[in-house]
Amino acid sequence: MGQAAPTEIDPRDFEDLRLAVVMSGGVSLCVWMGGVALEVDRLRRRQPVYDEILHLIGSAVRVDIVSGTSAGGLNGVLLAAAVAYGSDPTAELG
């Protein structure tokens, strides 16, 4: 028996997926946390792969709280700034 075609979900009916992100410190861990911050931002901005997944589950992502210590705090600041200003943290400065 075949699978039923997915039904179309109106974006106004999406359920909010609200995140609180806490990043721990440590210089070697900072690189890994930087990658996590970038992926959370890509999820928030609905980059292509994440857009498909979020559409399938009928969700929209909101990052409500960002916190961190030491080097993790620096990554948190970059993520929080991207959220607050609606920017891309990977964009070139200039």
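How many salt bridges does the count come to by the rule that I applied? I took a salt bridge to be a side-chain nitrogen of Lys or Arg within 4 Å of a carboxyl oxygen of Asp or Glu. By this rule I arrived at seven salt bridges.

**Entry 1. Basis**

I worked on a predicted model, in which local features need pLDDT of at least 70 and side-chain atom pairs count only at pLDDT 80 or more, while totals for chains, interfaces and linings use all residues. Residues are numbered from 1 along each chain as its sequence is written, and side-chain values use heavy atoms, with hydrogens and water left out.

**Entry 2. Elements and burial**

I looked up the secondary structure and found three helices and two strands. Read from the N terminus, their order is β-α-α-β-α. Helices (H or I, at least four residues) and strands (E, at least two) are DSSP runs, numbered from the N terminus.

I then looked up burial. Buried means under 20% relative accessible area, exposed means over 50%, and partly exposed lies in between (1.4 Å probe, protein chains only). The protein has 94 residues, of which 26% count as buried.

**Entry 3. Salt bridges in helix H1**

I looked up Glu39 and Arg42, whose side chains meet in a salt bridge at 2.4 Å, N to O. Glu39 and Arg42 are three residues apart in helix H1, so about one helical turn separates them. Glu39 is partly exposed at a relative accessible area of 32%, and Arg42 is partly exposed at 28%.

I next turned to Asp41. Asp41 forms a salt bridge with Arg44, and the closest N and O atoms are 2.6 Å apart. This pair, too, is three residues apart in helix H1, with about one helical turn between Asp41 and Arg44. I noted that both Asp41 and Arg44 are buried; for Asp41 the relative accessible area is 1%.

Asp41 also meets the side chain of Arg45 in a salt bridge (2.7 Å, N to O). Arg45 counts as partly exposed, at 28% relative accessibility. Which residues are linked with Asp41 in a network of salt bridges? I found Arg44, Arg45 and Asp88 in the network with Asp41.

**Entry 4. Packing of H1 and H3**

I looked up how helices H1 and H3 are placed. Their axes come within 9 Å and cross at roughly 15°. The axes are lines fitted to C-alpha atoms, for helices over the stretch in contact, and angles run from 0 to 180 degrees between N-to-C directions. H1 and H3 are therefore roughly parallel to each other. Angles under 35 degrees count as roughly parallel, over 145 as roughly antiparallel, 65 to 115 as roughly perpendicular and the rest as oblique.

I recorded the crossing of H1 and H3 as right-handed. A crossing is right-handed if the near helix is turned clockwise from the far one by less than a right angle, and left-handed if anticlockwise.

**Entry 5. Helix H2 and its surface**

I looked up helix H2 and found that one of its 10 residues is buried, so H2 lies largely in the open. Which residues form a nonpolar patch on the surface? Val49, Ile53, Leu56 and Ile57 form it, with about 410 Å² of accessible area together. Patches are made of residues with over 30% relative accessible area and no salt bridge; like charges are joined within 9 Å, and nonpolar side chains (Val, Leu, Ile, Met, Phe, Trp, Tyr) within 5 Å. Accessible areas come from the Shrake-Rupley method with a 1.4 Å probe, and for residues only the protein chains shown count as cover.

Of the patch, I looked up Val49, which is found in helix H2. Val49 counts as exposed at 59% relative accessibility.

**Entry 6. Positive phi**

I looked up backbone phi values. Most residues other than glycine have a negative phi. Arg46, although not a glycine, has a positive phi of about 55°. Arg46 sits in the loop between helix H1 (27-44) and helix H2 (48-57), and counts as partly exposed at 24% relative accessibility.

Ser70 is not a glycine either, and its phi is positive at about 55°. Ser70 belongs to helix H3 (residues 70-85) and is exposed, with a relative accessible area of 62%. Gly58, just after H2, takes a positive phi of about 70°.

**Entry 7. Arg46 and Ala60**

I returned to Arg46 for its distance to Ala60. The two are 14 residues apart in sequence and 8.5 Å apart in space, C-alpha to C-alpha. Ala60 is found in strand E2 (residues 59-68) and is buried, with a relative accessible area of 11%.
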